[in-house]
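Visitor: I've got a protein model open and I'm not sure how to read it. Could you walk me through some features, one at a time?

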Amino acid sequence: MAVFYMYGVPIGYVAILLALVASMGGFIFGYDTGQISDILLMDDFLLRFATCNVPGDASTCSFTTVRAGLVVSLLSIGTLVGALCGAPYVFFNPFCHGTRPLINKLYSIADYLGRRYAMVAECVVFIIGVIIQITATGVWQQFAVGRWVSGLGIGALSAAVPMYQAETAPARIRGTLTATYQLFITFGILVAYCISIGTRNMSGAGSWRTVVGIGLIWPVILMVGITFMPESPRWLASRGRIDEARLSLARSHGISRDKVETDPFLASEMEEIRTNVEHEQRLRGGWLDCFRPGNKILYRTILGMMLQSFQQLTGANYFFYYGATIFVSVGIEDSFVTQIILGAVNFVCTFGGLYVMQRFGRRLPLIIGGIWQSCWLFVFAAAGTAKSPHNNPGIGKLMIVSACMFILGYAMTWAPGVWILIGETFPTRTRAKQGALSTASNWLWNFLLAFFTPFIVSAIDFRYGFVFAACNLAGAVFVFLFLYESSDLSLEAVDLMYNDPNCKPWTSRQWAPPGYSSRYDLVQQTKASASDELREKSAARDSTTSGATATATLVSDAGDGEKKAPLVSREGKLGRGNGADPE
């Protein structure tokens, strides 16, 4: 049953639930990102894995630039590999002989297992990485390798989750539901900060092992929850499982099982998916196809990779990975508390991002967000460069305010926006692979920034902010010139838009599918069609009820007796009150 209607389109509670459950993949990513900043400052962690001038005295311990960079960034190397392999799964033919190839096909895990079971497999990989980390006793390389293994799972999840949400969510709320992935990333970061501040005074290894070990809970929640959610209808259709795809679509729209075959809205949606899948299956969809210029496939591959790269180059992870260290250098005594403030701003403002991306589309928020973020990074860098924050508390406070204002803009625009676009920009036949390539570019820059930031900061200090400010401006210009507006369109219509030679990025907001004068006209016709359907059903139900009442009255007047008074079944047929078959 539909929970509510949006522009006349039914939306089921399952659509909302599947977005929240799948977004646990984002929570896992955020939690693992947020924990390392505080763990690097915990006394027991320093004593075990850092270099100490006086053994047993944590105040004399510190990580070398290389070691700190590797501990932080090896997670990103793992996520890079995991996202690319989103992961490639090679199917071996055990019955090969003669000229038959040993390798039959090259799949991605999400293509081979389906979107849901791919997430389950990726959670198992993450759990293995966490176990490696918490069993480390004195060898920092073991902890770093554990983060690399966990990264494999996180990277694959970062490709699978937005794709699953975009393919399964109703088009009218696809932006909001896909943006929950970013919301859960910020929630995970905030939870990691809060748990870290609660365990930092614990004695021994419990201070950091508790933080890392709690990370085992989140993948278990995702593994269990996702098995109760519907599979992607587009993936099912691509495998020829049309009946299952129709049921999956019905569940997300709140349409009851007995109306699956007759509901006109469902039939229309399913026909669009089936036609698109059949068209794409006539073409090959391998990795090389992601780089073919036809149908703007190469254009969209580069577009996705550039958007993910610019998201990293905004500078957000500069604060999330090294925030505690940054605020110590600013002169803040309790950097843990400042991290929580920053994390809370990030989390709360992402709720605003859900509204912004749904209400204002994709292009405008990213352009304005890039300019806003650039301005505040210029303030941050200029303040830190003009005067030393150590000797000027006012400068330190200004830098913290600038960081919070930067995060406010990022959380409402670039943070959720890019993940939404990765889910809705690519055609079905190459969506998994193009999504993996795009996400891999995110993780590549994530690694480069995580590893080289300590070296860069030691050389240019807070002037590093000027670099990120310039990158934000470049990102805003790139969006204006190359990104098409994909809000309020089905995934199939987005593909048509990119292939329309008369549509340009800066005019794409006015584009509508063939047969419609505008997207507003599309919405209104959909709403009118659904309203007409509801009126027809209501009239038919009233007619059936009136006829049944008249028949029951006539039979009652005939004195047939209370026990044999006929009742009207749900199909509108007459039956005996005692359950006997009608005569």
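Guide: Sure! Keep in mind that this is a predicted model. Let's begin with one residue: Ala382 is partly exposed, because its relative accessible area is 36%, and partly exposed covers values between 20% and 50%.

Visitor: Where does Ala382 lie?

Guide: Look for helix α17, which runs over residues 363–386; Ala382 lies in that helix. Now try comparing sequence with space. Ala382 and Gly465 are 83 residues apart in sequence, and their C-alpha atoms are 8.3 Å apart in space.

Visitor: And across the protein, what share of contacts join residues at least 24 apart?

Guide: Count contacts between residues at least 6 apart in sequence, and 74% of them join residues at least 24 apart.

Visitor: Let's zoom out. How many helices and strands does the protein have?

Guide: There are 23 helices and 8 strands. As for burial, 54% of the 583 residues are buried.

Visitor: How do I check a helix's length?

Guide: The idea is to allow 1.5 Å for each step along the helix, with one step less than the number of residues. Take α14: its 17 residues should span 24 Å, and the end C-alpha atoms are 24 Å apart, so the two values agree.

Visitor: Is α14 largely enclosed or largely open?

Guide: Count its buried residues. In α14, 12 of the 17 are buried, so the rest of the structure largely encloses this helix. Among the buried ones are Ile297, Arg300, Leu307 and Phe310.

Visitor: What comes after α14?

Guide: Gly315 follows α14, and its phi is positive, near 100°.

Visitor: Can we pick one residue inside that helix?

Guide: Let's use Gln311, found in α14, which covers residues 297–313. Gln311 counts as buried because its relative accessibility is 3%, and the cut-off for buried is under 20%.

Visitor: Which residues does Gln311 touch, leaving out those up to four places away in sequence?

Guide: Gln311 touches Tyr410, Trp414, Ala415, Val418, Trp419 and Asn442.

Visitor: Next, cysteines. How many disulfides does a search of the whole structure find?

Guide: The trick is to look for a pair of cysteine sulfur atoms within 2.5 Å. Searching the whole structure turns up 1 disulfide. Cys52 and Cys61 form it, with sulfur atoms 1.9 Å apart. You can also read its twist: the angle about the S-S bond is 105°, and the link is right-handed.

Visitor: Are those two cysteines buried or exposed?

Guide: Take them one by one. Cys52 counts as partly exposed, because its relative accessibility is 22%. Cys61 is buried, because its value is 9%. For two other cysteines, Cys123 is buried at 0%, while Cys194 is partly exposed at 37%.

Visitor: Last one: how do I read the surface?

Guide: Start with the total. The protein exposes about 24,500 Å², and carbon and sulfur atoms supply 65% of that. Then look for nonpolar side chains grouped on the surface. Here Val477, Phe480, Leu481, Phe482 and Trp506 form a nonpolar patch, with about 470 Å² of accessible area together.

Visitor: Which helix holds Phe480?

Guide: Phe480 is found in helix α21, residues 464–482. Phe480 counts as partly exposed, because its relative accessible area is 42%.

Key
Residues numbered from 1 in each chain as written. Predicted model: local features only at pLDDT ≥ 70, side-chain atom pairs only at ≥ 80, totals over all residues. Heavy atoms only, no water. Helix = DSSP H or I, 4+ residues; strand = E, 2+ residues; numbered from the N terminus. Buried < 20%, exposed > 50% of the residue type's maximum accessible area, 1.4 Å probe, protein only. Contact = heavy atoms within 4.5 Å. Patch = residues over 30% accessible without salt bridge, like charges linked within 9 Å, V, L, I, M, F, W, Y side chains within 5 Å. Areas by Shrake-Rupley, 256 points an atom, 1.4 Å probe, with all protein chains shown as cover. Salt bridge = Lys/Arg side-chain N within 4 Å of Asp/Glu carboxyl O.
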